[in-house]
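Thanks for making time this morning; I would like to walk you through one chain, going from helix packing to a few individual residues. Please have a look at the sequence and the model first, and then we can begin.

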Amino acid sequence: MALWTDRAWRRPSGAAEREPFLKLYARLRGEGQAFDPALRSAFQAVLLSAPFRYQLSPAHPDPTLAQYAVASRLSFMLTGAPPDAELLRLAAEGKLRDPAVRAAQADRLLTGPLADGFVRPFTTQWLELDQPVTIAQTHIAKQDFRWARDLKASMREETIQYVRRMVAENRPAKELVQSDWTMMNDALARHYGYPALPDGTLRPVTLRPDDPRGGGILGHAGIQSMLCWMGDNWVIYRGAWVLRHVLDHPPPPPPLEVPELNPNDGKNRGKPFRELLKIHQEDGRCSVCHRTTDPAGFAFQNFDISGRWRDVEHGHYARGELDGRISWLGVGATRPVDAAGRLPRGEEFKTFAEFKAQVVALYQPDLVRGVLKNLTVYATGRPPDAAGLRAIARTVEQLKPTEYRTRDLIKAVVASPAFLDETPADPRRSTP
């Protein structure tokens, strides 16, 4: 029973804590149950107990339990699994409240085989990658359903594996927006117009200098495809997403009475998005948010609904479907894509490349602040409070000289007072 409770509770259990379960086993045996069913019931009772179902706070008043709480929080954050033997040993030795020890363990776990247990769920939560992805072809009758299914999975996986490589190699945070590489396999190479790759394994690929997408997650087909609505590019959705998840300038939620803007309505069909949104912004209920979200969303107008690059767009598109396969064919005259917009603080851009360059040059602290906020939520289960936000601001300044290395951001959260459920000291207050 001791071995079972220790593993279930992720810490050593005391004899008094195990006694109720032993009594349950003894009572069931006394009632005539066989060894296996009685023992199974006792094991099930352990799994229903609070120490298994809930994690203790690292600020627990019992210093021994607090050490094991740190081990659990660190392990579940960075591997999605209970603490391993090394973490339990460090907890038993009382060393896990040392920020340097926690940072060293973060390095170990994030470069080990269980790192996917952090990268995949965190990236999915941070960027909302669980949204539907659209694959539209020109000839649905000739489309291979299995190929499209594999392409959808590859489009999502590109972003996850991109972030995983950034963490493993501790690359600068600016490469989340701008780089010369991406992760690619055979399906993505075909989708992006690159030379064929041998199989479905995602691997780092250096991008062509003339590839207008460039590197960084914003040019990933999976992200741009999921940020569509009703089968068309949706400037509002893309703008709100980049403000919320990349630039840390989240727009307020829309009022309930805001009218829907449908680009496929008869009166709206064929109109450029800028004209549609100008009409929408004339409504006082809409203008407060849309003056900020819409200009940022135009940066992504060069991406079609499957996340491929385009230089021209049609007035409207005809949707076809066969057995779940979709075609989306341009109808009528074409026009150059209008990708000119404005960033939250007023900086203007004319192309997607200009947008990314300005984000890297002017908004890196905003990007890093947003990542740190999301890491804090992921690690602790709650957003940072006022003291936590001040600590994040200090971390942004401290990591600037080293280019905001990605794994260093994670280690900064692991080393923070918020990770231990402590309130950091406010340096603005002097001690008398």
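Let me start with a question: in which hand of crossing does H5 pass H7? The crossing of H5 past H7 is right-handed, and I should say straight away that what you are looking at is a predicted model.

As for the geometry of that pair, helix H5, residues 63-79, packs against helix H7, residues 99-110, at an angle of about 35 degrees, and their axes are 10 Å apart. On the H5 side the contact is made by Val70, Leu74, Leu78 and Thr79, and on the H7 side by Arg102, Gln105, Ala106, Leu109 and Leu110. If you sort the residues of this contact by character, you find six nonpolar, two polar and one charged.

Before the other packed pairs, a word on the chain as a whole. The secondary structure comes to 18 helices and nine strands, and buried residues make up 48% of the 432 residues. Taking the contacts between residues at least 6 apart in sequence, 63% of them join residues at least 24 apart.

The next pair is helix H1, residues 2-9, with helix H3, residues 35-47, whose axes come within 10 Å and cross at roughly 25 degrees. Angles under 35 degrees count as roughly parallel, and therefore H1 is roughly parallel to H3. The crossing of H1 past H3 is right-handed, and the residues that make the contact are Trp4, Thr5, Ala8 and Trp9 from H1, together with Phe43, Val46 and Leu47 from H3. That contact divides into six nonpolar residues, one polar and no charged.

Trp9 brings us to Ser49, which is found in the loop between H3 and helix H4, residues 50-53. Is Ser49 buried or exposed? Its relative accessibility is 11%, and so Ser49 counts as buried, the cut-off for that class being under 20%. Once neighbours within four places in sequence are left aside, Ser49 is in contact with Trp9 and Phe21.

The third pair is helix H15, residues 352-362, and helix H16, residues 364-380, which pack at an angle of about 75 degrees with their axes 5 Å apart. An angle from 65 to 115 degrees counts as roughly perpendicular, which means that H15 is roughly perpendicular to H16. In this contact Val359, Val360 and Leu362 of H15 meet Gln364, Pro365 and Asp366 of H16, and the residues involved divide into four nonpolar, one polar and one charged.

Let me turn from helices to a strand. Strand E2, residues 181-184, is covered on both faces, with Trp181 and Met183 on one side and Thr182 and Met184 on the other, all of them buried. E2 runs antiparallel to strand E3, residues 203-206, and four bridges join the two; within this pairing, Thr182 stands opposite Val205 of E3.

A little further along the chain we come to Asp186, whose place is in helix H10, residues 186-192. Asp186 has a relative accessibility of 33%, and so it counts as partly exposed. The C-alpha atom of Asp186 is separated by 6.0 Å from that of Ala196, ten residues apart along the chain. Not counting residues up to four places away in sequence, Asp186 touches Leu197, Asp199 and Gly200.

Finally, for those of you who look at backbone torsions, there are two residues to note. Asn170 has a phi near 55 degrees, a positive value in a residue other than glycine, and its place is in the loop between helix H9, residues 145-168, and E2. With 16% relative accessibility, Asn170 counts as buried.

The other is Tyr404, where phi is also positive, at about 55 degrees, although this residue is not a glycine. Tyr404 lies in the loop between helix H17, residues 386-399, and helix H18, residues 406-414, and at 3% relative accessibility Tyr404 counts as buried.

That is where I will stop, and I am happy to go back to any of these places in the model.

Terms used
Residues numbered from 1 in each chain as written. Predicted model: local features only at pLDDT ≥ 70, side-chain atom pairs only at ≥ 80, totals over all residues. Heavy atoms only, no water. Axes fitted to C-alpha atoms, helices over the stretch in contact; angles between N-to-C directions. Parallel < 35°, antiparallel > 145°, perpendicular 65-115°, else oblique. Left-handed = near helix turned anticlockwise from the far one by under 90°. Contact = heavy atoms within 4.5 Å. Nonpolar A, V, L, I, M, F, W, Y, C, P; charged D, E, K, R; others polar. Buried < 20%, exposed > 50% of the residue type's maximum accessible area, 1.4 Å probe, protein only. Pairing = 2+ DSSP bridges.
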